[in-house]
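Here's a quick tour of the open and enclosed spaces in this protein. Have a look at the model first, then read on.

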Amino acid sequence: MSLRKQIMDDLKAAMKAGQSDKVSQIRGITAKIKDLDVAARASGAEVADPDIISALRSMIKSRTESAKMYRDGGRPELAENEEGEIATIQSYLPPELSEGTLKAAIEEAVKATGAASMKDMGKVMGVLKERFGADLDPAKASGLVKARLSA
């Protein structure tokens, strides 16, 4: 089942169950997908699951930053709303790669590309993206690649 269909099915189920918070959270996700569709229509491209996963990751990043700002500003109820949205969004993401698996893959990519410095980070990230596709969390991977190449 495609990710888009799963999200729509979950939206319908939440509506039938009267879960207004979950409906609101999923509608935010569907709005982002519609934005992707509009942007893709201009170029004639099709929005696939990897594009949706990338958008979901960016949504999590922005909500994490918002939750932190709300907590720092003494608004824990707003932070909890953001964290609830994060949990809903994460339910649609593929399971994260373990740090051990990712570090081993980075070592293989460094050897395969002959990377020796930070200038070669793009090569290593390219190999990782090709190997793992949408399962790769670029933010987490880039931090580990930076640590490896600067060591």
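## Ground rules

Helices here are DSSP runs of H or I with at least four residues, and elements are numbered from the N terminus. Keep in mind that this is a predicted model.

## Two domains

The protein splits into domain 1, covering 3-91, and domain 2, covering 99-150. Measure between their C-alpha centres and you get 28 Å.

## The largest pocket

So what does the largest pocket look like? It holds about 430 Å³ of space. Its lining takes in 18 residues, and the ones closest to the centre are I53, R57, L136, D137 and P138. Two elements give two or more residues each to that lining: α3 (49-72) and α7 (138-150). Of the elements, α3 gives the most, chipping in seven residues.

Sorted by class, the pocket lining comes out at nine nonpolar, five charged and four polar residues. And where does the pocket sit relative to the domains? Both domain 1 (3-91) and domain 2 (99-150) give residues to its lining, so the pocket lies between them.

## The cavity

There's also an enclosed space to look at: the structure has one cavity of 30 Å³ or more. The largest cavity comes to about 40 Å³ in volume.

Which residues line the largest cavity? They are E96, L97, L102, D135, L136, D137 and K140. By class, that lining has four charged and three nonpolar residues, with no polar ones. L136 and D137 turn up here and also among the residues closest to the centre of the largest pocket.

Technical notes. Residues numbered from 1 in each chain as written. Predicted model: local features only at pLDDT ≥ 70, side-chain atom pairs only at ≥ 80, totals over all residues. Heavy atoms only, no water. 1 Å grid on protein atoms, 1.4 Å probe; cavity = no way out; pocket = protein on both sides within 12 Å on 5 of 7 lines; lining within 4 Å. Points joined across faces, edges and corners; volume = space filled by probe spheres on them. Nonpolar A, V, L, I, M, F, W, Y, C, P; charged D, E, K, R; others polar. Domains from an automatic or database assignment.
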